[in-house]
Amino acid sequence: MDSIPYTERRNAITMNIDTDTPEGIVDLIHECNMEVFNGYENHKGLSDDTILNKLDQFVSLVRTNLQTENSIIVLSGCGTSGRIGFLAATFFNELCLQQNLPPKYRYIIAGGNSALVTSIEACEDDPVIGTKELQCITDTYEHVLFVGITCGLSAPFVGGQLEYCLNNPQKFTPVLIGFNPISMARRTHVSKWINDTTFYDIALRMETTAGALVINPIIGPEPISGSSRMKGGSATKVILDTVFYLASCNNIMKASEVIEMYRTAVGTMEIEGQDIATVVEQAGECLLNNASIRYVGSSTFGIWGMIDASECVPTYNSSYNDIRGFMANDYFRKNLNPEPPLSFVSPALHEATPDDLSKTFENLPPSSIVVFIDKDYHLQKSLVEKLQEKGHHIVWIKILSTESFDLNSNVKIIDLSKCIPSTDVTMQYSLAEIILKLCLNTISTGAHVMKGKVFQNIMIDVRVSNVKLFYRAIDIIKSLAGVDYQTAERCLIQSIYQTNDTINDKTIDQHIMAVANNHDHVVPIALLMSLSNCSYTEAKLKMDKCPIIRDICTGTNQSST
């Protein structure tokens, strides 16, 4: 157990989340969220003095960059980390303009703009592409503050960029954000990294290089094992917002004061637990009955909805149409990096438009849920009325708004505005965003737990789309089936290739490429093979008869005891 990174471990708090009530699910996720600030076991969370001192150092680096000509701040990450970087760059560039400064923030996300709303995880493993993208975006600048974000200290895409920064100290000041000790950084070799370099090698260099900064509070395992979109994403957002806010304002506040604001706001969400649980229950029933969940919002609130929805596909191997987010204005597309005309463009980027949403939602399955996350809810009144006429459920997550409803409106309200303490406008908005993120994460996670996508607190139906997820899948099978590594790996590979034969002549990269032709229940079928000591064909038949993963695993465990 000691060798398993904290970000990949199972959280004792949620070990039985799959058998809990909607209210219990919400309470357990909230308890895990508070570990971001309080720390995990005896480790340092965001509220610890050691981490707070590092955040103050980070503030100084950013402030210097903001005051230096021909300099920029680059935020880079894969998946959720890259999405958080994009949102931070977007928000604080607006603040730069308000202060008559040039926009200083840039974002890089592995896979390009489409990765903001689509899982393109294979790019995580390519340090060469990461380095080229960093070179391209920084070519004309004299100084660059580079912020590499990788929750598990594991992404070679970011590792290659950090290595390039360390090799060019006259231009780059590198900062690494992650949530494991350096000793737990990924040591797996990847084919495109020369000299057998690993992320551990780079993290160790970061820790021992003067001028480089590593910020790695130990926030503990995720509520659902390995789902770094949750606590990892939240901690990243709090760190970036705290540092960029302090660097941009003229007061003498310290990081400790701002972190305490976040901790208080997140803690206060507990009072809305019952209302959130009601929506979680509705959302779970919605997915079980093949209905749909839709988020609608504008500005960055709408983007948070799009991101939460898109992350459910790789996290739970869910259908693209189960949960989707839409924009009520064109704010999202206005803030994207320019890309070559022939770049891959996710359909979600096209659909994130403020076109007539009533037409877009015309064919929603009966009894679907539409969640509005706009600050100004009244602007969507006509759409709400049309949706209600068709029998759909309406939810309004109320943030930074003083609007109120007639009690007979049949709109379910989650009033998060009461969780935001009175402070300046910039900080209010940042607090509103983190609370919204946590609320959406809870709803979508709870819905998938209720659908049966989680066994105990492990997301079983994971899509094996990169090296990290290949090894995670093997760990899942080992842990739940109680088999050795070789058995877990054999069953996984047979499930990938949909065969009963043993395959020994292919590389991990080839296995991952083969997954592209076989997305259906690769890990659950491999798990059934391990639990039942049966062939791929036999396990596939069981899966076809019972698509609820939790029920299959429970039944298998009972039959094997």
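Helix H10 (residues 299-316) runs for 18 residues and covers 27 Å from first C-alpha to last, close to the 26 Å expected at 1.5 Å a residue; the expected span here is 1.5 Å times one less than the number of residues. Helices are DSSP runs of H or I with at least four residues, numbered from the N terminus. This is a predicted model, in which local features need pLDDT of at least 70, side-chain atom pairs count only at pLDDT 80 or more, and totals for chains, interfaces and linings use all residues. Residues are numbered from 1 along each chain as its sequence is written, and side-chain values use heavy atoms, with hydrogens and water left out.

H10 is largely enclosed by the rest of the structure, because 17 of its 18 residues are buried (under 20% relative accessible area, 1.4 Å probe, protein chains only). Right after H10 comes Asn317, with a positive phi near 50°.

On to the packing. The largest nonpolar core (buried Ala, Val, Leu, Ile, Met, Phe, Trp, Tyr and Cys residues joined through side-chain atoms within 4.5 Å) holds 101 residues, and Phe58, Val62, Leu240, Phe244, Ile397 and Ile443 touch the most other members. Helix H15 (residues 425-451) is its biggest contributor, giving 12 residues. The core lies between domain 1 (6-268) and domain 2 (271-451), since both give residues to it; these bounds come from an automatic or database domain assignment. Leaving aside residues up to four places away in sequence, Val62 touches Ile73, Tyr105, Leu145, Val243, Phe244 and Ala247, contact being heavy atoms within 4.5 Å. Another core, of 34 residues, lies apart, with Ile476, Ala488, Ile503 and Tyr536 among them.

How values were computed
Helices (H or I, at least four residues) and strands (E, at least two) are DSSP runs, numbered from the N terminus. Buried means under 20% relative accessible area, exposed over 50%, partly exposed in between (1.4 Å probe, protein chains only).
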